[in-house]
Each structure stands twice: as structure tokens, then as C-alpha cells.
Amino acid sequence: MRDDQFTDHKAGRRSTVVSVCFNVLLATLQIVIGLLATSQALLSDGIHSLSDLVSDFVVLFAGQHSTKGPDDNHPYGHQRFENAAALVLGVLLLGVGVGMLWTAAAKLKNPSAIPLVHVAALWVALVALACKELLFRYMLAVAKRVRSSMLIANAWHARSDAASSLVVAVGIIGNLMGYPLLDPIAALIVGFMVSRMGWGFAWSAMNDLMDRAADEKDVAAIRQTLQETEGVHGVHDLRTRKMGDLIVVDVHLEVLDQLSVVEGHEIAAAARRNVIDKHPVLDVMTHIDPVGPIVSGYMQGVPRAYKQA
């Protein structure tokens, strides 16, 4: 593991540990006060915070394993542990959200049985809102710095908590003002938000596990780096696929047909090294295509079949 990767791993792990500490305190406070203050919305938010603990442990587990190097069974390394973890996070959120929807809907069937909420629930909801928003901003800053999709997903999970706490606070205020139906309605909205975010994370992670290509911006930057490598006279059949937060590249490089095998190999090795050094790329598989001086100098961009005709 390179020094910068080791530093990124430590930063990501530290942010997740901070999230664990926050969620332990918040989940305990929300569930206890939610039960004592008879607020279903606050109780649902506490269960949401409790689910964050599970997701944080999933992130820690995946982060530990994704840094392992290649072995006989995983020649490309273990980076896809992060994709699998994001999928687990998404499914977890989806399950929690559906459970919240089911519970809230059951309460709405019998509005007369909805109890009045104690004012203590409102103060806890406001404290949770402030803490979760601060946690989100901190985690997102770390995730963007280390360029980890798994940590970004976990950060936005914290933002969903902040949004749900805001909805919970509004629902509790409505209950305190004499509209008890607003408390389970707030719980229903929280359940919908959590379900929607869980589905989004699960779908994105599943696409990554199915060899989704890198973003167009990243592909264009990789292509430019290859073309700027000395000795490369053309680039085609550039393909990418995600491997965790890294990219695996397959590409055909055009070099002059006058060069020796050794010289062509050195150009390909230099191109590979440049891409790995400048971009979040795990590996570059190159194929050398010999071309004549006229083709390389005057026929850039012409379809390959026409060049060979």
C-alpha cells in the first residue's frame, strides 16, 4: 500500500469511529426519551441512528479488508469489498425504512390511540439534528479528500439522519400544539426518506459490481495522459471498469512500426506508469498496435479499419 493510500485509510477509519461514538450516544438518548415521552417519530429516529451503528461497523470491516493486496484468489486485490459494503448499506437502509413505514402506517389506522408527546422529545430531536448535521459535514469532507464512495455513502447516510431529525422535530411540535397525528406522519416521512436513500445506494453499488465504467471526466483525463506519453501516436479501444474506488483500464496504444519490441514495451510501461501516478487507477492493460509514420502523423481519429485497408 502506498503512503498516501495508508494515510487515506487512517483518515477514513478515524471518521467512521467518530460516527460510531456519535451514533451510540444519539441512539441511546433518542430511544430512551422516545419511549418515555411517547413519541413514535423520535423512537423511529433512534432506530435509524441505531442502524447507523451497524452500517459503521460494515464500513470499518470493509475498509480493513479492501486495503489487502492481491492474492491467488483475488489477483486484482480486494477493492470491491467497498462496493459490496455499499450494497449492504443500501439494503440495510431499505429494510429499516420499510420497517418504519409499516409501523407508522399501523399507528395512522387508529389515530385516537396516539398519545400526546412530552416536550423533552423536542429538545432531544433538536440536539440530534445539530449533531447529525455537524457529523455529516465532517464525514463528507474526509470522504471527498480520500475519494471513497463507501465513505461518501456513509456521510450521506448521516445527512439523511439530519433531515429525518428535522422532520421529527416538526412532527413533535405539531403534536405539542394539539395535532397528535403529526407525530406518526413524521415517522412515515422519515421511513420514506430512509427507504429512498437505501434503494439509491444499493442500485449504485450493484452497478459498480457489474463492471460499470468510470465517469466520462475520468476517462477523458486518462485518455489525455496516455496521448501525452512520449512515443504514443494514438489511443483507441479505451475501456474502464470500477474496482472499489479505483479504476481498471484496458487500452490499445499506437506506436511507430519501426520500433523494436523492447522500445514498444518501454512506451507501454511508461504510459501505464503515468496513468497510475496521476489518476485513481489500479492497473492498466495495454495492447500495442504498430502504425506507419503517415498513419500516425496525418490520420489521427480515422477509424482503425480504414487505417489497415
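**Group meeting talk: helix packing and a few loop residues in a predicted model**

Let me start with Thr229, which sits in the loop between H7 and E1. Is Thr229 buried or exposed? Thr229 counts as buried, because its relative accessibility is 4% and the cut-off for buried is under 20%. Setting aside neighbours within four places in sequence, Thr229 is in contact with Ile267, Ala270, Ala271 and Asn274. Hold on to those names, please, as two of them will come back.

Before going on, a word about what we are looking at. This is a predicted model. The average pLDDT of the protein is 80, and 82% of the residues score at least 70. One stretch needs a warning: over residues 297-309, pLDDT stays under 50. For that stretch the model has 13 contacts beyond four places in sequence. Where pLDDT is low, the predicted coordinates should not be read in detail. I will leave that segment alone for the rest of the talk.

Now the overall picture. The secondary structure comes to ten helices and three strands. Reading from the N terminus, the order is α-α-α-α-α-α-α-β-β-α-β-α-α. There are 309 residues in the protein, and 46% of them are buried. Among contacts with a separation of 6 or more, 73% are accounted for by residues 24 or more positions apart.

Back to the surroundings of Thr229, then. Helix H7 covers residues 216-227 and helix H8 covers residues 261-278. How do H7 and H8 pack? Their angle is about 140°, and the axes are 9 Å apart. That angle makes H7 oblique to H8. The crossing of H7 past H8 is right-handed. On the H7 side, the residues that meet H8 are Ile222, Thr225 and Leu226. Their partners in H8 are Ala271, Asn274, Val275 and Lys278. By class, the residues of this contact are four nonpolar, two polar and one charged. And here are the two names I asked you to keep: Ala271 and Asn274 of H8 meet H7, and Ala271 and Asn274 are also in contact with Thr229.

While we are in this part of the chain, have a look at Asp237 in strand E1, residues 234-243. Asp237 is a residue other than glycine, yet its phi is positive, near 50°. With a relative accessibility of 42%, Asp237 counts as partly exposed.

Next, a second helix pair. Helix H3, residues 80-108, packs against helix H6, residues 182-209. The angle is about 155° and the axes lie 7 Å apart. Why do we call this pair roughly antiparallel? Because the angle is about 155°, and angles over 145 degrees count as roughly antiparallel. The crossing of H3 and H6 is left-handed. The contact residues divide into 27 nonpolar, six polar and three charged.

Val88 is a residue of H3, and at 43% relative accessibility Val88 counts as partly exposed. The C-alpha atoms of Val88 and Phe201 are separated by 8.9 Å, although these residues are 113 apart along the chain.

Another pair to show you is Gly171 and Ala187. Gly171 lies in helix H5, residues 149-176, and counts as buried at 4% relative accessibility. The C-alpha atoms of Gly171 and Ala187 are 8.1 Å from each other, with their positions 16 residues apart in the numbering. Which residues does Gly171 touch, beyond its neighbours within four places in sequence? They are Leu182, Asp183 and Ala186.

Asp183 takes us to my last stop, the loop between helix H1 (3-36) and helix H2 (40-66), where we find Ser39. Ser39 is buried, with a relative accessible area of 1%. Not counting residues up to four places away, Ser39 touches Gly34, Val117, Ala121, Ile172 and Asp183. So that you have both sides of it: Asp183 is in contact with Gly171 and with Ser39.

Thr38 is in that loop between H1 and H2 too. Thr38 is not a glycine, but its phi is positive at about 55°. Thr38 is partly exposed, with a relative accessible area of 34%, whereas Ser39 is buried.

That is my tour. Thanks for listening, and I am happy to bring up any of these residues on the screen.

Definitions and conventions:
Residues are numbered from 1 along each chain as its sequence is written. This is a predicted model: local features need pLDDT of at least 70, side-chain atom pairs count only at pLDDT 80 or more; totals for chains, interfaces and linings use all residues. Side-chain values use heavy atoms; hydrogens and water are left out. Axes are lines fitted to C-alpha atoms, for helices over the stretch in contact, and angles run from 0 to 180 degrees between N-to-C directions. Helices (H or I, at least four residues) and strands (E, at least two) are DSSP runs, numbered from the N terminus. A crossing is left-handed if the near helix is turned anticlockwise from the far one by less than a right angle, and right-handed if clockwise. Ala, Val, Leu, Ile, Met, Phe, Trp, Tyr, Cys and Pro count as nonpolar, Asp, Glu, Lys and Arg as charged, and the others, Gly among them, as polar. Angles under 35 degrees count as roughly parallel, over 145 as roughly antiparallel, 65 to 115 as roughly perpendicular and the rest as oblique. Contact means heavy atoms within 4.5 Å. Buried means under 20% relative accessible area, exposed over 50%, partly exposed in between (1.4 Å probe, protein chains only). pLDDT is the predictor's confidence in each residue, from 0 to 100.
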